[in-house]
Structure formats: structure tokens, C-alpha cells
Amino acid sequence: MLKLREPVANGIMKVSGIRSPLEFRVFHINGIALHVVLAGPANGKPLMFLHGFPEFWFAWRRQIDHFVSSGYRVILPDQRGYNLSDKPAGIASYSIDLLAKDVTGVLDAVAGSKACVVGHDWGAAVTWYLAARYSERISRAAMLSVPHPRIFTKNLMINPAQLRRSWYMLFFQLPWLPECILRRRDWALLVRVLQNTSPACVFSDSDFEQYEKSWAKKGALTAMLNWYRAALLHPSKLAFDSEASRVKVPALLIWGKNDQFLDQAMARESLQYCDDGHLEMFESATHWVQHEQPSQVNNLLSQFFA
């Protein structure tokens, strides 16, 4: 069971359940402060993990020790709006280009070379964007549980089944009401969604305590929802431009066949936008694949990055 304490900025501490010492840093990038967790040797090959909604760096707790033991410099930011990172006001502050520039800014501060990047959920959307638009910074990209943006946009427009699965994205476009509903009864809806879309015991009570602390930080919930609002109000060029969205770096797409949010057919369709793309379908996994099958995911990523 993992226990987290509130880290001291720019400090080093051990976290129960994670063997590797973790370094907690704050970097000032793009006019905001981003909280970043670092682990592994400073001269190790840089490997960045990008979390999604509604998580934070803690989403990768089952990956840290594996990659530190392999000699990687593991980089785990709280993306803007989440947990201990700044939460700038306004929907425009969460456009995909700004989110990607945050990542390249962290890489500038931490790594002097190209990095491997792994993203899950919204973190995967950012990784797709980085792989297409910032290929000079990315050596290899792995996307978990999210299709290429052009494929997702197409399915939202023409696939009624996917539109039904994505109903929450439309609900999140409303002002203030989603925040009120999600906060009710101590975050009961968010907790229930995580429980109902994953196998039993994947998320422990202790895990939920950590998530709830991150959701409760001032301004965090609106900032987290603004990612969805910006996606519709400030859409990525990648969603509409086939040439700009082409991924030329080696890409690995990892997918749980029992994902309740996203149609599995979009996974294979995504490969058409990759010069060197590969899909690994986990037959029994859901959207939360790196939590459910961490050893398999870790080994697969290790092979891909080797």
C-alpha cells in the first residue's frame, strides 16, 4: 500500500511502496510552475510518463521502480491544472499546443537529449501531438488507451456508438454544473467511475485517498475539466490535417480490449497515421491497463525502448 506525504518543493524523499528515492522539483515553464517527480540516475536515458484524467504523477507508481532499475531517468510531471502544478485560469490555457510545450519545457530543464515518452488517456493525446509536431525531441512514443486524434475526431462525428461512450466529454462542456456534480458526496461519482471501469481492487482505498487530495486542491477540478473544454473550443490542427498529424517516430499503441470509453477498432485504425507503428491489444484489460497489468506493460515498453 502506497503512502504519500505532501512533498517539499525541490526535495528528495522515499514513498512507501516505491523503492526508488523520488526527487520532487518545481520548474517554471511557459509562465507557470510545474511540479515534476524525478527518479533514477541523473545521466540515465530520459523517459517521461504523462498521466491522464483524473490522475496525476501517481498514475505511474507501478512503472517507476522497473525503469529506474533499468537505468532510466524517469520524469513524471503533474501536467498543468493537476495536483501540485499551477492551474492557470481560462479554457484557452489548456490548448493542446500549450500542453505539449509544457512537456518540451520540462525536457529542456531535465534532459539534454531526445526522450522516450509514454502517455495514458489525456497524456496519450499529448504524446500523439508531441510525436507528430515535436519529433526532434522524441525518440520513441508509446500511447496507452487513446487513438490518433484524427481517428478519434472522425469517430466522434460518424460513429454513434463512440459518441455514446464519450457522452461525458459533452457534459464537461457545461459551465460549473460538472464541477458541482463531481464534488458531491466526497467525489463519489469520480470514485465510482474508476471502480466501475476497472477490475475489482485495481484502485485501493489508499489510492483513492491520494486522488481525492489532488482533486480537492484549489482550482484543480475546473482546470482538469478545461482540458476537455479546450479540446472542442481550441481543437488541434492534428485532428484535421493528415500531413501535420503524421507520426514519423517509432510508435507503440497499447490498448485494453475491455476499454469502456473508447472503441477498440480505433486502435488499429490509428496505425495508418504512423510510419512505424505497432499495436499491442491486451485481451482482458480495460482503459486502466498500466494499473491492471503493470508487469506486462513494463516489459512491453522495455522491449520497445531497447
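In this predicted model, a good place to begin is the hairpin formed by strand 2 and strand 3, where 2 residues lie between the strands and Asn30 adopts a positive phi near 55°. The two strands of this hairpin, strand 2 with residues 18-29 and strand 3, run in the antiparallel sense and are paired over 7 bridges. Within this pairing, His28 is found opposite Ala33 of strand 3.

Strand 3 itself, made of residues 32-39, is mostly covered, since 8 of its 8 residues are buried. The cover extends to both faces of strand 3: on one side Ile32, Leu34, Val36 and Leu38 are buried, and on the other side Ala33, His35, Val37 and Ala39 are buried as well. Strand 3 also pairs with strand 5, residues 72-77, again in the antiparallel sense, here over 4 bridges, and in strand 5 it is Val74 that stands opposite Ala39.

These pairings belong to a wider arrangement, an open sheet of 9 strands with mixed pairing, whose order reads 1-2-3-5-4-6-7-8-9. The edges of the sheet are formed by strand 1 (11-15) and strand 9 (277-282), and because each of them has a single partner strand, one side of each is left without a neighbour in the sheet. On average, and with direction ignored, neighbouring strands of this sheet are turned by 20° against each other.

Further along the order, strand 4 (residues 45-50) and strand 6 (residues 115-120) pair in the parallel sense over 4 bridges, with Met48 placed opposite Val117 of strand 6. Helix 3, which comprises residues 122-133, packs on the sheet and touches strand 4, strand 6, strand 7 (138-144) and strand 8 (251-256), while its direction makes about 140° with that of strand 6. Helix 12, residues 294-305, also packs on the sheet, where it touches strand 4, strand 5, strand 6, strand 7, strand 8 and strand 9, and its direction makes about 165° with that of strand 8.

The loop between helix 11 (289-292) and helix 12 holds Gln293. Is this loop residue, Gln293, buried or exposed? Gln293 counts as buried, because its relative accessibility is 14%, and the cut-off for that term is under 20%. When its neighbours within four places in sequence are left aside, Gln293 is in contact with Phe282, Ser284 and Ala285.

Another pair of elements to follow is helix 7 (residues 177-196) and helix 8 (residues 205-215), whose axes come within 11 Å and cross at roughly 130°. That angle makes helix 7 oblique to helix 8, and the crossing of helix 7 and helix 8 is right-handed. Where the two helices meet, Asp186, Trp187, Leu190, Val191, Leu194 and Gln195 of helix 7 are in contact with Phe208, Glu212 and Trp215 of helix 8.

The path ends at Asn155, which is placed in helix 4, residues 149-158. Asn155 is buried, because its relative accessible area is 6%, and its side chain reaches the backbone oxygen of Ile151 at 2.9 Å. Which residues does Asn155 contact once its neighbours within four places in sequence are left aside? They are Gln162, Met266 and Glu269.

Notes. Residues are numbered from 1 along each chain as its sequence is written. This is a predicted model: local features need pLDDT of at least 70, side-chain atom pairs count only at pLDDT 80 or more; totals for chains, interfaces and linings use all residues. Side-chain values use heavy atoms; hydrogens and water are left out. Buried means under 20% relative accessible area, exposed over 50%, partly exposed in between (1.4 Å probe, protein chains only). A polar contact is a pair of N or O atoms within 3.5 Å; within protein, one must be able to donate a hydrogen and the other to accept it, and residues adjacent in sequence count only if both atoms are side-chain atoms. Contact means heavy atoms within 4.5 Å. Two strands pair if DSSP finds at least two bridges between them. Axes are lines fitted to C-alpha atoms, for helices over the stretch in contact, and angles run from 0 to 180 degrees between N-to-C directions. Angles under 35 degrees count as roughly parallel, over 145 as roughly antiparallel, 65 to 115 as roughly perpendicular and the rest as oblique. A crossing is left-handed if the near helix is turned anticlockwise from the far one by less than a right angle, and right-handed if clockwise.
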